Each structure stands twice: as structure tokens, then as C-alpha cells.
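The following exercises concern pairs of charged side chains and their surroundings. Each task is followed by a solution in steps.

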Amino acid sequence: TPLIELKDVGKSYGNIIALSGINLRVGAGEVTGVLGDNGAGKSTLIKIMAGLHQQSEGQLLVDGEETRFDSPKDALNKGIATVYQDLAVVSLMPVWRNFFLGQELRKGPFRALDAAAMRATTKEELHKMGIDLPDVDAPIGSLSGGQRQCVAIARAIFFGARVLILDEPTAALGVKQSGMVLRYISAAKEQGFGVVFITHNPHHAYMVGDHFVLLNRGRQKLDCTYDEISLDD
Ligand code: ADP
Ligand code: ADP
């Protein structure tokens, strides 16, 4: 059973059809690459999966069950987390504070932690995901763009994500930094997370993707596995 699935999903804004007939799924340990140029409907797709918009047509399923996200909180509660390109980080804030940002909205054992425990937990959680920062007290703005993306993904996982929706995580990055993020996506996949990797870079999608969806003007032009990719696409 896929972790998340869209069936024949469409979305209109008034007369504008932003998406129509979209079928997408991602299972545990899979990466689905979503490709498309500007205006193709990528943001709209993200907003539907993130609970910011509701589809006008079709179904959204989580663990095979039809569901409805009325808010981003509903999506998070089902383990669907979105990491946006323009990360909601306060650049002067230490890494550990960023890591716990918003945590107070969540029920659970983390609310009672003091600053020292939050520092230690941040270090530990990042280490678990293969990120070893020398100093979690450093302002998050002092990290490289790739490191910031990786920290944001680790943070989503710490918040309880099973599915990571990554909004152009390599778009603003150079070759080396992109490589870091792509390796990190592979690691998340190996650990059984489902990843929806939204990008306009086919090379990046092909490096980590198992399955590909190509959007063009709101329609799905390609829906195939890695083995089915032809050079004509
Ligand atoms: P992408 O993220 O791939 O650039 P979008 O999902 O932002 O694509 O946009 C898809 C289409 O829907 C575009 O034609 C865009 O102008 C339109 N659109 C997106 N959001 C809105 C909105 N809130 N109101 C009206 N039209 C929108
Ligand atoms: P809602 O009211 O459903 O939350 P909005 O219409 O306010 O959504 O728009 C959501 C996002 O889409 C905003 O970031 C807005 O800037 C963007 N947007 C609005 N209209 C368009 C459009 N025609 N094309 C592309 N993006 C748009």
C-alpha cells in the first residue's frame, strides 16, 4: 500500500485549471520525482498534499484510505511533512532552536525539555541522520544551503514524518551542495521514508528517483519507473 496516493486529482482556481487527472503514489522506501517547468502545477500539487489547498476533483489516500486534509496540521498528523525551498528558518537563530521551532505545537515528550536537553537532542537526531555539525549553537544562517536543507529534512523526520515532500530542495544549490542533498535523500529512502521530490532538474530526479511524474500545464505527461525512462522523454 502506498503511504500517500493521489487518484485522478484536479484543481481549479475559478476558471483556471491548475491540475487535472493527476495520479501519483509513493511507498515506503521510494522516491517519486515530480518534474515540471514553471506553471506546470507543482506548487498546487504540493499545496494539496500539504493540506494548504483541497483538490477540486479526485481522491487523496493515506495508507490506502481516502482522507481529507483541512489544514497543514492534518497532513502532519498523518506523517506527511513538506520541506519548502525557502526554509522557514530564522537565520540568526541557533541550529538547535530552529530544530525545535514549532515543537510546542506538538503533543509529546519534547515540550518539557530544557535548552541543554534540546541541544543534545538536536545533535543526536542530526547524527542519526548522518549529519555531524561541529556546533549546534551556530546560527543556522551560517550553514551551507545544502546543510540547511538536510537539517530541515532531519527536523521533519524528528517531527514524525513518514513522507517527505521536498519542494525544489536543490534549486538554489551548486553541484557540491546538491550532491549532499541528493545523498541525503537516498539515505532517507534507505531508511524507509517515502519521498516526493519536486524539481525542475531531471538529472537530480533521475539520480534518486524510482518513479517519475512529469507535469506540463497541469497535466501528467509522463508516469513511469526508472527502467521505463526513454531518452525521447
Ligand atoms: P508551478 O509551481 O509548477 O510553477 P503552480 O501550481 O504555481 O505551478 O501553477 C499552476 C497554474 O495555476 C498556473 O497557471 C498558475 O497561474 C495557476 N495558479 C496557481 N495558484 C493559483 C491561485 N491561487 N489562483 C489562481 N491561479 C493559480
Ligand atoms: P488561498 O486563498 O486558496 O489560500 P490564494 O489564492 O491566496 O490561495 O493563493 C495562494 C498562493 O498562490 C499565494 O502564494 C499566491 O501568491 C499564489 N497565487 C495566487 N494567484 C496566483 C496565480 N494566478 N498564479 C500563480 N500563483 C498565484
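**Salt bridges and their exposure**

In this predicted model, Asp210 has a relative accessible area of 28% and is therefore partly exposed.

**Exercise 1.** Determine which residue pairs with Asp210 in a salt bridge, and where the two partners lie.

*Solution.* Step 1: the side chain of Asp210 meets that of Lys189, with an N to O distance of 3.2 Å. Step 2: this distance falls within the 4 Å cut-off for a salt bridge. Step 3: Asp210 belongs to the loop between α7 (202–208) and β9 (211–216), whereas Lys189 sits in helix α6 (residues 175–190), so the contact ties together parts 21 residues apart in sequence.

**Exercise 2.** Classify Lys189 as buried or exposed.

*Solution.* Step 1: the relative accessibility of Lys189 is 18%. Step 2: buried means under 20%. Step 3: Lys189 therefore counts as buried.

**Exercise 3.** State how many salt bridges a search of the whole structure finds, and analyse the one formed by Asp63.

*Solution.* Step 1: the search yields 5 salt bridges. Step 2: Asp63 pairs with Arg162, and their closest N and O atoms are 3.1 Å apart. Step 3: Asp63 is in the loop between β4 (57–62) and β5 (65–67) and Arg162 in the loop between α5 (145–158) and β7 (163–167), so parts 99 residues apart in sequence are tied together. Step 4: Asp63 is partly exposed at a relative accessible area of 40%, and Arg162 is partly exposed at 29%.

Conventions: Residues are numbered from 1 along each chain as its sequence is written. Chains are lettered from A and ligands numbered from 1 in the order in which they are written. This is a predicted model: local features need pLDDT of at least 70, side-chain atom pairs count only at pLDDT 80 or more; totals for chains, interfaces and linings use all residues. Side-chain values use heavy atoms; hydrogens and water are left out. Helices (H or I, at least four residues) and strands (E, at least two) are DSSP runs, numbered from the N terminus. Buried means under 20% relative accessible area, exposed over 50%, partly exposed in between (1.4 Å probe, protein chains only).
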